[in-house]
Amino acid sequence: MPTPGTTAADRADEQDVRVEMAPRRDQGAPMAGFPEELKYTADHEWVRAGNANVVRVGITEYAAEQLGDIVFVSLPTVGESVEAGDACGELESTKSVSDVFAPLPGVVSAVNDQLDAAPETVGSDPYGDGWLFELELTGDADVDDLLDADAYTSEIGA
């Protein structure tokens, strides 16, 4: 039975043991949890610019928390061409299977083979060792066309 005087959000917080990644707007706290040097997609991927036209891709901490414990990772093949928005991999968790989407057009130049033996790394270190793959961008792909940290925070309503 709910405690008198609590809101639906308070009750949800009591039932949900996950740590909130970014404070709710009604808390008036500054944004936290989304590195400002990265770019983001509405599909919850992050992109880190690298050398020349190569970018590293992973999923956001928000996405990792929504998935729960990740138990299997299927990544694209090195040399595979992808277009922005293409499903190019899957993350299987104890809750569901989710597609991984290419954030920009390019050719897959590397994959994180460490995830074969330790798929949980995607959830435990999403911005570090939990990266998924690297893309060599093609055409007029521009990382700056993606969302910045503030826009991504707005996108997810955090």
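## Aromatic pairs

W46 is buried, its relative accessibility being 0%. This residue belongs to a predicted model, in which the count of aromatic pairs comes to four. One of these pairs joins F34 and Y152 in an edge-to-face arrangement, with 5.1 Å from centre to centre and 85° between the planes. F34 sits in the loop between α1 (8-15) and β1, whereas Y152 belongs to helix α5, so the contact ties together parts that are 118 residues apart in sequence. F34 and Y152 are both buried.

W46 also takes part in an aromatic pair, with Y127 as its partner; the geometry is tilted, at 6.2 Å centre to centre and 50° between the planes. Here too distant parts of the chain are linked: W46 lies in strand β2 and Y127 in the loop between α4 (121-124) and β9, 81 residues apart. Y127 has a relative accessible area of 14%, and it counts as buried because the limit for that class is under 20%. In addition, F34, Y40 and Y152 make up one aromatic cluster.

## The antiparallel sheet

Six strands are arranged in an open sheet, in the order β1-β2-β3-β9-β8-β5, with antiparallel pairing. The edges are occupied by β1 and β5 (81-82); each has a single partner strand, so one side of each is left without a neighbour in the sheet.

Within this sheet, strand β2 (residues 45-49) and β3 run antiparallel and are joined by five bridges. V47 stands opposite V57, a residue of β3. Strand β2 is also the strand that holds W46, the partner of Y127.

## Salt bridges

Side chains of opposite charge can pair when their charged atoms come close. Across the whole structure, a search finds two salt bridges. In one of them the side chains of D144 and K39 meet, with an N to O distance of 3.9 Å. D144 is placed in the loop between β9 (133-137) and α5 (149-156), and K39 in strand β1 (residues 39-40), so this salt bridge ties together parts that are 105 residues apart in sequence. With a relative accessible area of 57%, D144 is exposed.

R56 and E134 form a salt bridge as well, their closest N and O atoms lying 2.6 Å apart. This pair connects distant parts of the chain, with R56 in strand β3 (residues 54-59) and E134 in strand β9, 78 residues apart. The accessibility of the two partners is as follows: R56 is partly exposed at a relative accessible area of 28%, while E134 is buried at 17%. In the strand order of the sheet, β3 is followed by β9.

## The second largest pocket

The second largest pocket holds about 160 Å³ of space. Its lining consists of 13 residues, and those closest to the centre of the pocket are D43, H44, A63, S98 and D99. Two elements, α2 (61-67) and β7 (97-101), each contribute at least two residues to this lining.

By residue class, the lining of the second largest pocket comprises seven nonpolar, three polar and three charged residues. Because Asp counts as charged, D43 and D99, which are among the residues closest to the centre, fall in the charged class.

Definitions and conventions:
Residues numbered from 1 in each chain as written. Predicted model: local features only at pLDDT ≥ 70, side-chain atom pairs only at ≥ 80, totals over all residues. Heavy atoms only, no water. 1 Å grid on protein atoms, 1.4 Å probe; cavity = no way out; pocket = protein on both sides within 12 Å on 5 of 7 lines; lining within 4 Å. Points joined across faces, edges and corners; volume = space filled by probe spheres on them. Helix = DSSP H or I, 4+ residues; strand = E, 2+ residues; numbered from the N terminus. Salt bridge = Lys/Arg side-chain N within 4 Å of Asp/Glu carboxyl O. Buried < 20%, exposed > 50% of the residue type's maximum accessible area, 1.4 Å probe, protein only. Pairing = 2+ DSSP bridges. Phe/Tyr/Trp six-rings, centres within 6.5 Å; stacked < 30°, edge-to-face > 60°.
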